[in-house]
Amino acid sequence: MKQTLHCVARGRGQEWEALCLDLDVAVQGRSFDEVCALLTKAIVNYVEEALDQPPEVRDALLSRRAPLSTRLWWKWRLALAARKS
């Protein structure tokens with residue numbers, strides 16, 4: 001089963017962070033490429049571990065999202081960026 005996950009990254013120089021808004025998984029790294037690779041690996045590991053859990057725990061883990069304030073902040077940032085383009 002394929003599912004689209006909403007992820008964001010930001011950084012400057014060698015300080016980067018990436019976040020999966022749909023699973024509340026975050027990573028830090030030294031470049032955009034590094035955080036993309038780290039986030040992909042973190043998501044895969046997270047989902048694999050969640051699938052090994054009992055159904056009620058698995059469902060809770062796989063439906064966990066970043067806090068509403070974080071999702072709204074990113075939505076606002078993305079809207080501003082789209083408006084500037």
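The following paragraphs describe the sheet, the helices that pack on it and a nonpolar surface patch in a predicted model.

The sheet is open and consists of 3 strands in the order S1-S2-S3, paired in the antiparallel sense. Strand S1 (7-12) and strand S3 (25-29) form the edges, each of them pairing on one side only. On average, neighbouring strands of this sheet are turned by 10° against each other, direction ignored. Between S1 and strand S2 (residues 15-20), the antiparallel pairing extends over 6 bridges. Within this pairing, Val-8 has Leu-19 of S2 as its bridge partner.

Two helices are described relative to the sheet. Helix H1, which comprises residues 32-51, lies across S1, S2 and S3. The direction of H1 makes an angle of about 150° with that of S3. Helix H3 also packs on the sheet, where H3 touches S1 and S2. The angle between the directions of H3 and S1 is about 70°.

Helix H3 spans residues 68-84 and includes Trp-76. The relative accessible area of Trp-76 is 52%, and this residue is therefore classed as exposed, the cut-off being over 50%. Together with Trp-73 and Leu-80, Trp-76 makes a nonpolar surface patch of about 310 Å². Thus H3, the helix that touches S1 and S2, holds in Trp-76 an exposed residue that contributes to this nonpolar patch.

Definitions and conventions
Residues numbered from 1 in each chain as written. Predicted model: local features only at pLDDT ≥ 70, side-chain atom pairs only at ≥ 80, totals over all residues. Heavy atoms only, no water. Patch = residues over 30% accessible without salt bridge, like charges linked within 9 Å, V, L, I, M, F, W, Y side chains within 5 Å. Areas by Shrake-Rupley, 256 points an atom, 1.4 Å probe, with all protein chains shown as cover. Salt bridge = Lys/Arg side-chain N within 4 Å of Asp/Glu carboxyl O. Helix = DSSP H or I, 4+ residues; strand = E, 2+ residues; numbered from the N terminus. Buried < 20%, exposed > 50% of the residue type's maximum accessible area, 1.4 Å probe, protein only. Pairing = 2+ DSSP bridges. Axes fitted to C-alpha atoms, helices over the stretch in contact; angles between N-to-C directions. Contact = heavy atoms within 4.5 Å.
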